[in-house]
Amino acid sequence: MKISGIASLDHAPQVVAEWLNELQEDLGWSDRARTYLLFRTTLQTVRDFLTVDEAADLAAQLPLLIRGIFFEGWVPSRTPVHPRSVDDFLERVTRHFPTEPLVEPDVAVAAVFDLLRRHVSMGEFQQVAWAMRRPLRDLWM
């Protein structure tokens, strides 16, 4: 269905749906809103753990609407956040699930990382990995 007549804009919602479908299937979840929440919070936490330049490089690899999700609410002067341990990363994600906590947050976050690995160039994926501290890099890879 053409809305704007601009292919990249008209196709953007479909791309998000495809990525969420993949993630939902990888996790074995049935709740689409929960899948989106995990995707959004993990993506934005990755962004906040990177320098401004690294975040911009990663964003350049993302499809249009997903790039918007990535940048939503971003305050570049507050990045990278400190401290940046695996526990800090997982806490930033899990706090968005207060009523139905993630049972295995590391597995859920790793599923989002795996989704990104499938859709971002390997060079960029490895560049982000090397920008992360070693324990988080191990979860990323």
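Let's start with helix 3, residues 52-59. Which of its residues are buried? They are A55, L58 and A59. These three cover an arc of only 100° around the axis, so they sit on the same side of helix 3. A general point on helices helps here. An α-helix has 3.6 residues a turn, so residues three or four places apart point the same way. What do the buried residues of helix 3 pack against? Three partners: helix 2, helix 4 (64-71) and helix 7 (122-131).

One caution before I go on. This is a predicted model.

Next, the loop just before that helix. L50 lies in the loop between helix 2 and helix 3. Is L50 buried or exposed? Its relative accessible area is 0%, so L50 is buried. Now its contacts, leaving out residues up to four places away in sequence. L50 touches A55, L58, T79, P80, V128 and A131. Note A55 and L58 in that list. Both are among the buried residues of helix 3. Note P80 as well. L50 and P80 are 30 residues apart along the chain, yet their C-alpha atoms are separated by 5.1 Å.

That takes us to the loop between helix 4 and helix 5, where P80 sits. Check the backbone here. The peptide bond from T79 to P80 is cis, with omega near -5°. P83 is in the loop between helix 4 and helix 5 too. A cis peptide bond joins H82 and P83, with omega about -5°.

Another residue touches this stretch. D48 lies in helix 2, residues 32-49. D48 has 12% relative accessibility, so it counts as buried; the cut-off is under 20%. What does D48 contact, beyond its neighbours within four places in sequence? W74, T79, P80, V81 and R92. So T79 and P80 are touched by D48 and also by L50.

Now the core. The largest nonpolar core has 44 residues. Which of them touch the most other members? F39, V46 and W140. Many helices contribute. Those giving two or more residues are helix 1 (7-27), helix 2, helix 3, helix 4, helix 5 (86-94), helix 6 (105-119), helix 7 and helix 8 (134-140). Helix 6 gives the largest share, seven residues.

Take W140 on its own. Set aside its neighbours within four places in sequence. W140 is then in contact with V46, F113, L116, R117, F125, V128, A129 and M132. V128 is also a contact of L50.

What about empty space? The count comes to one cavity of 30 Å³ or more. About 30 Å³ of space lies in the largest cavity. Which residues line it? F49, R84, A131, M132, R133 and L136. By class, that lining has four nonpolar, no polar and two charged residues. Two names come back here. A131 touches L50, and M132 is in contact with W140.

Last stop, helix 1, and A17 within it. Is A17 buried, exposed or partly exposed? Its relative accessible area is 28%, so A17 is partly exposed. A17 and R32 are 15 residues apart along the chain, and their C-alpha atoms are separated by 9.8 Å.

To recap. The buried residues of helix 3 sit on the same side of that helix. L50 is buried and in the loop between helix 2 and helix 3. Two cis peptide bonds come with it on my list: T79 to P80, and H82 to P83.

Definitions and conventions: Residues are numbered from 1 along each chain as its sequence is written. This is a predicted model: local features need pLDDT of at least 70, side-chain atom pairs count only at pLDDT 80 or more; totals for chains, interfaces and linings use all residues. Side-chain values use heavy atoms; hydrogens and water are left out. On a 1 Å grid over the protein atoms alone, a cavity is a set of points where a 1.4 Å probe fits but cannot get out, and a pocket is an open set with protein on both sides within 12 Å along at least five of seven lines; lining residues have an atom within 4 Å of a point. Grid points are joined across faces, edges and corners, and a volume is the space filled by probe spheres set on the points. Ala, Val, Leu, Ile, Met, Phe, Trp, Tyr, Cys and Pro count as nonpolar, Asp, Glu, Lys and Arg as charged, and the others, Gly among them, as polar. Helices (H or I, at least four residues) and strands (E, at least two) are DSSP runs, numbered from the N terminus. Buried means under 20% relative accessible area, exposed over 50%, partly exposed in between (1.4 Å probe, protein chains only). Contact means heavy atoms within 4.5 Å. The arc is that of the directions from the helix axis to the C-beta atoms. A nonpolar core is a set of buried Ala, Val, Leu, Ile, Met, Phe, Trp, Tyr and Cys residues joined through side-chain atoms within 4.5 Å.
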